[in-house]
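Got your viewer open and a free hand on the mouse? Let's take a walk through this structure together, one selection at a time.

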Amino acid sequence: AVFLLSAGIAAAQQVQLPGKDIPKYVEPLPLLEFEFINATSFPDLGGALTGLPSMAGQTFPVNAEEFRSQILPSSVAWPGAPATCGLDTASSTWGYLSGIANAPGMIGPPYLGPVIISETGVAVTPTYGNNLPLGGVVQANLPIDQTLDWANPLGATGPVGCQPDIFGNYTNPVCGVIPYIGPIPIATHMHGAEVAAEFDGGPDAWFTNGNAYTGTGFPGNLYNYPNNQQESTIWFHDHALGITRLNVYAGLAGLMPIIDPANPITASLPQLVNGYDIPLIIQDRTFDTNCEIFYNLASNPQPNPTVHPFWIPEFIGDTIVVNGKTWPFLDVEPRQYRFRFVNGSNARFYVLTVNESKTNPGGKNVISKTTLPIIAIATDDGYLDAAVASPNVTIGPGERYEIILDFTNSAGKEFIMMNSARTPFPGGGKVVKNLTDQVMKFRVNLPLSAVPNTAIAVGTPLRVAPIVDLTPAITPMPPPPAAPVGTIVRQLTLNEVIGPGGPLELVVNNSKFNLALPTPGCNTAACRETEMPAVGDTEIWEIINITADAHPMHTHLTSFQVIDRQVFDAAVWTAMYDGDLLANGVTPGHGPPWPYNVRNLDGAIGGNPPLTPFLIGAPIPPLPSEMGWKDTVITYPGEVTRIAVRWAPTDLPATGVGAPVVGVNDYANFPNGGFDPTALVGGNVGYVWHCHIVDHEDNEMMRNYTVGTAQQMIQ
């Protein structure tokens with residue numbers, strides 16, 4: 001049976017279905033499945049959500065399943081669909097199902113979801129299950145690369161029968177065709193949640209079907225999210241070590257917006273309850289001629305196939321999917337709508353505009369340069385101080401933005417959401433016209449209902465009190481060799497390790513994920529962490545991007561604020577940095593050139609040479625739409641991105657009465673039961689921070705960190 005399964009997977013040769021052959025705007029946008037309301041103040045929200053069960057105070061299942069989903073247009077809407085797709089054009093996917101019967105071969109809901117409406121101060125307690133079949137349709141089409149540092153349930157080093165040579169290269173040609181036929185590991189991470197490490201769902205928390213195999217950070221199946229945080233759009237997705245890119249690509253992602261009924265601003269905005277507040281999860285995909293999803297290795301060919309035969313630096317799809325549907329349309333009323341943008345793509349960035357689509361005298365549809373104003377109201381983890389205008393929205397993988405589109409004066413018109421972001425971003429290939437430059441269509445053709453329209457405009461206040469500004473809590477670090485008191489500044493690099501054919505792997509601060517780099521203060525047996533912040537502290541992280549592309553960097557547990565970005569002389573600084581690595585005998589991926597906890601001439605730790613002499617021009621302030629609580633930030637090549645990171649709840653003041661104190665755990669004061677972020681899972685697993693291009697994350701661009709009770713020891 002194992003031989004037949006192996007032979008069947010190895011023989012699976014997918015043939016790409018060109019995205020240009022898939023019709024656009026023939027089927028409506030799926031409105032994601034609202035499964036549960038996890039609230040006490042409004043167990044039945046009414047409106048579009050009438051009848052949903054309230055799960056406050058009780059657990060509910062969230063199971064990873066394999067089922068079929070109608071991502072492509074149905075055969076009725078697509079008479080020219082390939083005959084090889086069979087009687088329908090549904091695709092086999094993975095997705096999270098909650099209480100929905102999963103019959104074999106069923107065409108289920110959109111693979112994205114569920115949407116769990118949650119409330120500030122009301123804990124959410126899902127029970128996660130892994131029901132993914134061994135050797136299912138999806139697994140047969142996933143290029144699982146066993147040469148990566150990955151969850152690897154069966155424990156072998158590399159594919160069975162395919163071992164590296166003394167140089168670590170997989171020179172045996174058979175390595176490129178040997179498939180993985182074991183059980184699939186998953187780990188569910190609630191992205192944006194203030195949560196204990198035990199329930200963070202990090203890369204080591206993986207488990208397989210029936211919990212037959214588990215990772216070192218597996219806490220059991222029952223999770224607890226306190227939700228004592230501000231109203232925001234957080235989401236959940238797979239995070240299993242070394243296989244996240246494939247599990248997310250196969251469909252494992254959902255949404256958990258947090259609503260605060262005590263916040264008077266909520267009532268003045270378009271509402272989820274009546275259908276005017278709509279999540280939009282945007283992804284790129286590729287399909288094959290059997291209408292199955294296709295993680296196409298040729299989209300960005302393997303640069304070093306003798307080392308990592310199935311890993312590519314970034315997956316680049318030729319089809320845009322929104323809420324699990326290729327190029328959908330949405331019929332709207334002439335009123336304001338709120339959209340919750342989530343970039344759920346593996347690697348694709350989006351620069352989005354909403355352009356009017358007109359019919360010219362010849363009867364041809366033309367996308368004009370006339371755009372609908374975009375009004376930003378919230379970023380990853382909460383509202384902005386006031387609504388701001390933006391000509392476009394730039395959103396990297398993992399980021400979220402909430403925006404208002406006002407169709408009030410556009411009755412009878414149509415608009416196309418357009419994308420202009422290059423891939424890789426920002427200097428890669430252009431979007432393809434009439435293909436990846438288009439996302440979805442809005443048709444303003446519904447009559448205005450009796451529900452009152454909202455009146456959000458630029459400058460509309462969105463908070464009762466202004467957002468907490470972390471900068472007053474930042475006190476200067478005294479210059480060396482004074483005692484290490486004040487604000488800890490970390491200068492941390494983003495590196496690309498180059499092999500014979502191109503990128504071999506990507507790393508954070510030249511350190512692989514599982515690199516043991518003993519640093520004073522390390523409190524785990526493995527000593528994988530070099531970032532050891534104190535609970536209650538506020539630090540400055542200066543992220544130095546010396547790669548060719550932008551990286552969306554994401555921190556678990558904590559939110560941060562963008563301080564600024566600044567250009568530096570990357571060529572000169574990198575030459576000095578490379579010289580320091582060479583002089584100290586440090587090889588790529590094996591740590592910074594100097595001891596991590598020794599301050600450089602900038603007063604920063606991280607083990608890197610000082611940056612200040614190489615800075616160019618004035619700091620660039622964050623975009624108005626970025627000036628809120630974030631957990632993911634775009635770091636551009638040739639720039640240092642500065643963020644203020646605080647290990648305390650976001651609603652506490654920066655200074656004065658009630659402000660966090662270094663070493664004091666304010667997460668313990670949650671009214672529904674707090675947690676201790678300094679507690680480790682199994683004595684060895686804390687949190688991580690990483691690039692949210694998941695293809696990068698899966699190949700070393702992620703680091704462990706732990707939270708302590710005192711500031712990190714610095715020399």
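What follows is a short tour of a predicted model, with something to select at every stop.

**Stop 1: the disulfides**

How many disulfides does a search of the whole structure find? There are two. As a reminder, a disulfide is a covalent bond between the sulfur atoms of two cysteines.

Start by selecting Cys85 and Cys291, and show their side chains. Their sulfur atoms are 1.9 Å apart, and the two residues form a disulfide. Look along the S-S bond: the angle about it is 85°, which makes this link right-handed. Now colour the surrounding strands. Cys85 sits in the loop between strand E3 (60-69) and strand E4 (91-97), while Cys291 belongs to the loop between strand E11 (287-288) and strand E12 (319-322), so this pair ties together parts that are 206 residues apart in sequence. Are these two cysteines buried or exposed? Both Cys85 and Cys291 are buried.

Next, select Cys522 and Cys527. This disulfide has its sulfur atoms 2.1 Å apart, and with -120° about the S-S bond it is left-handed. Cys522 and Cys527 are both buried.

Stay on Cys527 for a moment and look at its backbone. Cys527 is not a glycine, yet it has a positive phi of about 50°. You will find Cys527 in the loop between strand E25 (502-508) and strand E26 (538-545). Why does Cys527 count as buried? Its relative accessibility is 15%, and the cut-off for buried is under 20%.

**Stop 2: a tryptophan with a positive phi**

Jump to Trp327. Here too the residue is not a glycine, and phi is positive, at about 35°. Trp327 is placed in the loop between strand E13 (325-326) and strand E14 (329-332). With a relative accessible area of 0%, Trp327 is buried.

**Stop 3: two cis peptide bonds**

Select Gly113 and Pro114 and zoom in on the bond between them. The peptide bond from Gly113 to Pro114 is cis, with omega near 0°. Pro114 lies in the loop between E4 and strand E5 (115-119).

Then move to Thr423 and Pro424, which are joined by a cis peptide bond with omega of about -10°. Look for Pro424 in the loop between strand E22 (414-419) and strand E23 (438-444).

**Stop 4: strand E27 and its partners**

Select residues 551-555, which make up strand E27. This strand is mostly covered, with five of its five residues buried. In a regular strand the side chains alternate between the two faces of the sheet. Turn on the side chains here: His551, Met553 and Thr555 point one way from E27, and Pro552 and His554 point the other way.

Now add strand E30 (residues 632-635), which pairs with E27 in the antiparallel sense over four bridges. Find Met553 and look across to Val633 in E30, which stands opposite.

Add strand E32 (residues 687-691) as well; E27 and E32 also pair in the antiparallel sense, over three bridges. Which residue of E32 stands opposite Thr555? That is Trp689. While you are here, select Cys691, which is buried with a relative accessible area of 0%.

**Stop 5: the cavities**

Finish with the empty spaces inside. The structure holds six cavities of 30 Å³ or more, and the largest cavity has a volume of about 80 Å³. Of the 14 residues lining the largest cavity, select the ones closest to its centre: Gly202, Pro203, Asp204, Val685 and Gly686. The whole lining divides into six nonpolar, five polar and three charged residues.

Technical notes
Residues are numbered from 1 along each chain as its sequence is written. This is a predicted model: local features need pLDDT of at least 70, side-chain atom pairs count only at pLDDT 80 or more; totals for chains, interfaces and linings use all residues. Side-chain values use heavy atoms; hydrogens and water are left out. A disulfide is a pair of cysteine sulfur atoms within 2.5 Å. Helices (H or I, at least four residues) and strands (E, at least two) are DSSP runs, numbered from the N terminus. Buried means under 20% relative accessible area, exposed over 50%, partly exposed in between (1.4 Å probe, protein chains only). On a 1 Å grid over the protein atoms alone, a cavity is a set of points where a 1.4 Å probe fits but cannot get out, and a pocket is an open set with protein on both sides within 12 Å along at least five of seven lines; lining residues have an atom within 4 Å of a point. Grid points are joined across faces, edges and corners, and a volume is the space filled by probe spheres set on the points. Ala, Val, Leu, Ile, Met, Phe, Trp, Tyr, Cys and Pro count as nonpolar, Asp, Glu, Lys and Arg as charged, and the others, Gly among them, as polar. Two strands pair if DSSP finds at least two bridges between them.
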